[in-house]
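Hi there,

Here is the structure I promised to pass along. Have a look at it first, and then read on for what turned up.

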Amino acid sequence: MTAEKSGTTGRRSGAETRADGTGAKNPPDDAAGAGPGSGSPDERASGADSSGEDDTAGTVTSAGKAKRTRKARRTGAAKAAGAASTADKTSTADKAGAGTDKAEAGTEAGTEAEARDRADAAKKDGDAAEKSDAAKQDGTGDDEPADPWSAFGPAPEPVLGRPRRAVRAVGRFLVHEWTLAVVAALALAAAMTWPTLRYPRHTLPQDYWDPSLQAWQMAWSGHILRTNPAQLWHSNTFYPENWSFAFSDTLLGYAPAGLIGVGPEHAVLRYNIMFVLAHALAAFGAYALARQLGAGRIGGAVAGASFAYAPWLLAQAGHLHIISNGGIPLALAMLARGHGWSLRYGYRPRRRHAGWAFAGWLVAAWQLSLGFGIGLPFAYMLAGVVLVSVVLWFVRRRKVKRPFGRRLFLADVLGGLVFAAVGAALAVPYFKVAELHPNAERTIGDIGLYSPPASGFFTAPAESRVWGGLHEGARAVLPWHPEMTLLPGFVLYALAAGGLFFSVWRVRHRIFLLAGVLVTMALAMGTRFFGGRFTYVPLFDYLPGWSGLRTPGRMMLWTTLLLGLLAAGAVTAFCMRVRELAAERVPPWPGPWLRLATLLPLALVLVEGLNATPQPVVPRQPAALRTVDGPMLVLPSSQNLDQPVMLWSTDRFQPMVNGGSGFTPRSQARIREATVSFPDYASVDYLRQIGVKNVVVLRDELEGTPWEGMLDRPVDALGVAREQVGEAVVFRL
């Protein structure tokens, strides 16, 4: 009975673990016996001898043959387990005996041939059992049966260490779509604004008047935040006026960059870097918005390139606060992402993310801090979107349960409060300036001077490399062509027109985009569109702050963005059609000509955006500006001449009467008028009364100005010391 139990155990082990190592699970007895043996050479020889004896001794009785077979099996088992313990030898022998019992049963039940087959099967079972025990002895076996399909499945993932996981994460980050988009936007900005970065310490794009003012603004904001933040709005220029930093858009959002470097050279370098980065952000922001709304990669690239490098923006190269518009589409993309909304796929609650929504509000607040010139229309647009969203929520709340969610609702409330707080804090100084300087307020007549006609939408500025020379005659008939040449690009017009009929956007969305294009064009025309009675004038009269926007043509920014979205829909649909055609190919990839065809719209948009922007050298800082203390006056003085003087003061930020902005304070106008006769008793006495201690005269700038010839006047009886400092003459009062 004990031998029978051991034999049964041996038979089961042999069935669960095949002799060839594949780990087949419970094969039938005839299948197990069909395979080759896997025992030791002695076992295989013994088995072969037994088989030979069975084949030749056909007249031997089945009982005698079974006895010989049993004896051979036991002998083979003893040899295979010679190095094992006595217990293992006994177990192996029992398993072999169980196999022999199986052969005996087969002999008694059938013919001699059947008995011979049964004996072979028993031999294989015994060999398999022996191999299983040997594997357990070596530590290579397993108590659990192996999966027979493991040989055909994929290899398990290796367990990576922390360094390899970090390297893999970095690799995934480097090839991510948004990483590649950022790198492409930076490289494209450097190429499309070239040669801005050729001599970034010595040249400025467009001219050195407004860019000098804006370079000073960034330098002042960084300097005052580092030294005395409470005096932020009371700058060193326009002495003795207060709130002088709010006389024009401040670019306050670039204050962190102003913390790096000191002096005019660093200020110019900083300006050029931010100029290039502003273009990169504009392209990336519009790309992100188009992708979030449902456009493909190439369609998003077309939207980004057309928004950042539209020909009309080349005329604004000297206005960094207009070029710095990338926060608008980026904030809209983040807000749409946070609310799970897409133009192509609609509202998807599962894609909501409160963090993205809050980040969108923060980016919008940062964009507002760069200036109200384009920030104010953006703020009113966001207010309109919020109002429409609230109305839709009340209308549809019975159909859609909690369409916003609690966390998203809190993110919107907190983000909206931050945006409103930033806007209110920035608006206070401007309202104070409007109160103290009534002449700073714009009139509807001022708006009319800068309102472009309809022909401006098809006229390119002189800075356009492609269309600038061809449109010279068209520009000649425009009263103020720098603000009236509003061509967004003929390629963009064509792509947007195609997007009205062939697009991934729904028909109603195309209609909404077209309506937005027409409305923003009408606003950009100011008083030229039926006198502005139904478009610009109501906004001018009733919206707070709108009267401070003197150039309605800058509303073309929104027209360009909407045209870019229409074009992105058309290009995306075209690329989808190309993939459908390529699916019929072997392999199913677009051919080289089809690939070039999908990139052609992007290439044409970029070609239209090529610039011929001049890069004048910034006038060198006079040595006197590095040594003379304030309060001071630099002569000659005018709107344009004072802007480089502001840049020159970035070494020490001495208080000075000079300054340039969108308007001229009355105090500054009186000082300029009083000093035309300088040096004489009246002018010297007036300057002493207001606190001016030094007057710096730039000898090389006097020709052709009202101060020409002033250096020939005597100062002996005035109590004024005159000193030559480099190329300038300093009068110490």
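**Cavities, pockets and aromatic pairs**

Sorted by class, the residues lining the largest cavity are 10 nonpolar and seven polar, with no charged ones. Before going further, please keep in mind that this is a predicted model. That largest cavity holds about 130 Å³ of space, and 17 residues line it, with Thr-193, Phe-275, His-279, Leu-314 and Asn-611 the closest to its centre. In total, the structure has six cavities of 30 Å³ or more.

Next, a pocket. The second largest one has a volume of about 1,400 Å³. Its lining is made up of 48 residues, and the closest to the centre are Glu-177, Tyr-287, Arg-291, Gly-296 and Arg-297. If you want to find this pocket by its secondary structure, the elements giving two or more residues to the lining are α8 (177–192), α11 (264–293), α12 (297–308), α14 (327–338), β1 (341–342), α23 and α24 (592–608). By class, the lining of this pocket has 29 nonpolar, 10 polar and nine charged residues.

Helix α23, one of the elements in that list, covers residues 556–582. Its 27 residues reach 38 Å from the first C-alpha to the last, close to the 39 Å expected at 1.5 Å a residue. Of those 27 residues, 21 are buried, so α23 is largely enclosed by the rest of the structure.

Now to the aromatic side chains. There are 22 aromatic pairs in the structure. One of them is Trp-216 with Trp-220, a stacked pair at 6.4 Å centre to centre and 20° between the planes. Both residues sit in helix α9 (residues 210–227), four residues apart, or about one turn of the helix. As a general point, an α-helix has 3.6 residues a turn, so residues three or four places apart point the same way. Trp-216 counts as buried because its relative accessibility is 2%, and Trp-220 is buried too, with a relative accessible area of 4%.

Another pair is Trp-233 with Tyr-430, which is edge-to-face, with 6.3 Å centre to centre and 75° between the planes. Trp-233 lies in the loop between α9 and α10 (255–258), while Tyr-430 belongs to helix α17 (residues 406–436), so this pair ties together parts that are 197 residues apart in sequence. Trp-233 is buried, at 14% relative accessible area.

Which residues form one aromatic cluster? They are Trp-216, Trp-220, Trp-233, Phe-245, Phe-372, Tyr-430 and Phe-653.

Happy browsing, and best wishes!

Methods:
Residues are numbered from 1 along each chain as its sequence is written. This is a predicted model: local features need pLDDT of at least 70, side-chain atom pairs count only at pLDDT 80 or more; totals for chains, interfaces and linings use all residues. Side-chain values use heavy atoms; hydrogens and water are left out. Rings of Phe, Tyr and Trp (its six-membered ring) pair if their centres lie within 6.5 Å; planes under 30 degrees apart count as stacked, over 60 as edge-to-face and the rest as tilted. Buried means under 20% relative accessible area, exposed over 50%, partly exposed in between (1.4 Å probe, protein chains only). The expected span of a helix is 1.5 Å times one less than its number of residues. On a 1 Å grid over the protein atoms alone, a cavity is a set of points where a 1.4 Å probe fits but cannot get out, and a pocket is an open set with protein on both sides within 12 Å along at least five of seven lines; lining residues have an atom within 4 Å of a point. Grid points are joined across faces, edges and corners, and a volume is the space filled by probe spheres set on the points. Ala, Val, Leu, Ile, Met, Phe, Trp, Tyr, Cys and Pro count as nonpolar, Asp, Glu, Lys and Arg as charged, and the others, Gly among them, as polar.
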